[in-house]
Amino acid sequence: MDSSTNSPRVTVERDGHVLLIGLNRPEKRNAADFRMITELAAAYGELESDPELRAGFVFAHGEHFTAGLDLADIGPRIGPDGLDLVPGGGINPWQVGGTHLSKPVVMAVQGTCLTLGIELILASDITVAADSTTFGQIEVSRGILPFGGATIRLPRAVGWGNAMRWILTGDQFDAAEAHRIGLVQEVVPHGSQYARGLELARRVASQAPLAVQAALASARLAVREGDAAAEAGLQPALVELATSEDSRIGMEAFLSRRPAEFVGR
């Protein structure tokens, strides 16, 4: 029996300007049922809507990041139009439909990281993996296809051959391979992934938030609509940022050789 029935499937806490979002179904290796996904979507919505929050940090309680979908719970919910996973005010955590996050997300993974776990990585911005982590995009072994963005983003992130090697076979691979192909940015000893991931999230959150969001938006625009679309937006974005209070704070900090304390205006 799942002893976490009355516990939140996703924990949400604040660490300054960082929202800590924790998968919390360790008894089931954090397999994602409908409740977990809707709670995760709600947490992403909170990250987006709160102006005091500048970055998200996604991690998992227990020894494993996620065993993937809880098909026994999710399968019967797949209707003629697919799955409706996002509550009012929420954001699809895989960002394959609806509103997209304007703020960066850092992730820390360990143990088992299957299917939707990889797709969360692909929808985030920086990922730290414990050297214990085993990855797998195993949907074809279950008779379905990845529907959280892996077919779109994995070839772009790691190259066509690397993506097809793992998507089409359903084979699993280790943290060293994930780092080699560029799926994760750092591999650290098991147990230190949380601290390192949070360190990076805090570092991102300490930068000028309007500038961070503008840089992220420009990079995403280039990926989604091409270089020309992103190039057209560079100078207007620069002009807008140059008139911000944060730009003044940044310049004053540079001239006085002291750390900047940005205000997001």
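Which way round is the crossing of α8 past α9, left-handed or right-handed? I'll get to that in point 1; the rest of these notes walk through the sheets, the helices that touch them and two odd backbone angles. Bear in mind throughout that this is a predicted model.

1. **The α8/α9 pair.** The crossing is right-handed. Helix α8 covers residues 209-225 and helix α9 covers residues 227-242, and their axes come within 8 Å, crossing at roughly 165°. An angle over 145 degrees counts as roughly antiparallel, so that is the label for α8 against α9. On the α8 side the contact uses L210, A211, A214, S218, L221, A222 and E225. The α9 side brings in D227, A229, A230, L234 and L241. Sorted by class, the contact has nine nonpolar residues, one polar and two charged.

2. **The six-stranded sheet.** If you want to trace this one on screen, follow the order β1-β2-β3-β4-β6-β9; the sheet is open and its pairing is mixed. The edges are β1 (10-15) and β9 (186-188), and each has a single partner strand, so one side of each has no neighbour in the sheet. Ignoring direction, neighbouring strands here are turned by 20° against each other on average.

3. **β1 against β2.** These two run antiparallel, with six bridges joining β1 to β2 (residues 18-23). Some partners to click on: V10 is bridged to L23, T11 to G22, and V12 to I21. The hairpin has two residues between the strands, and G16 takes a positive phi near 65° there.

4. **β2 against β3.** On this pairing the sense switches to parallel, again with six bridges, this time between β2 and β3. L23 of β2 stands opposite A60 in β3. L23 is also the bridge partner of V10, so to speak a residue with a foot in both pairings.5. **How covered is β2?** Which residues of β2 are buried on each side? On one side they are V18, L20 and G22, and on the other L19, I21 and L23, which leaves both faces covered. Put as a count, six of the six residues in β2 are buried. As background for reading that split, side chains in a regular strand alternate between the two faces of the sheet.

6. **Helix α1 on the sheet.** Helix α1 (residues 34-49) packs on the six-stranded sheet. The strands touched by α1 are β1, β2, β3 (55-60) and β4 (105-109). The direction of α1 makes about 175° with that of β2.

7. **The three-stranded sheet.** There is also an open sheet with the order β5-β7-β8, and its pairing is mixed. At the edges are β5 (112-114) and β8 (172-174), each pairing on one side only. From one strand to the next, the twist averages 25°. Strand β7 (residues 134-136) runs antiparallel to β8, and three bridges join them. Within that pair, G136 stands opposite Q172.

8. **Helix α3 on that sheet.** Helix α3 (residues 116-123) lies across β5, β7 and β8. The angle between α3 and β5 is about 75°.

9. **Q95, worth a look.** Most residues other than glycine have a negative phi. Q95 is not a glycine, yet its phi is positive, at about 50°. You'll find Q95 in the loop between α2 (71-74) and β4. Is Q95 buried or exposed? The relative accessibility of Q95 is 3%, so this residue counts as buried, the cut-off being under 20%.

10. **R257, the other one to check.** R257 also has a positive phi, about 55°, and is not a glycine either. R257 sits in the segment after α10 (245-256). With a relative accessible area of 81%, R257 is exposed, the cut-off here being over 50%. If you are going through the backbone angles, Q95 with its 3% relative accessibility and R257 with its 81% relative accessible area make a handy pair to view one after the other.

Notes: Residues numbered from 1 in each chain as written. Predicted model: local features only at pLDDT ≥ 70, side-chain atom pairs only at ≥ 80, totals over all residues. Heavy atoms only, no water. Pairing = 2+ DSSP bridges. Helix = DSSP H or I, 4+ residues; strand = E, 2+ residues; numbered from the N terminus. Axes fitted to C-alpha atoms, helices over the stretch in contact; angles between N-to-C directions. Contact = heavy atoms within 4.5 Å. Parallel < 35°, antiparallel > 145°, perpendicular 65-115°, else oblique. Left-handed = near helix turned anticlockwise from the far one by under 90°. Nonpolar A, V, L, I, M, F, W, Y, C, P; charged D, E, K, R; others polar. Buried < 20%, exposed > 50% of the residue type's maximum accessible area, 1.4 Å probe, protein only.
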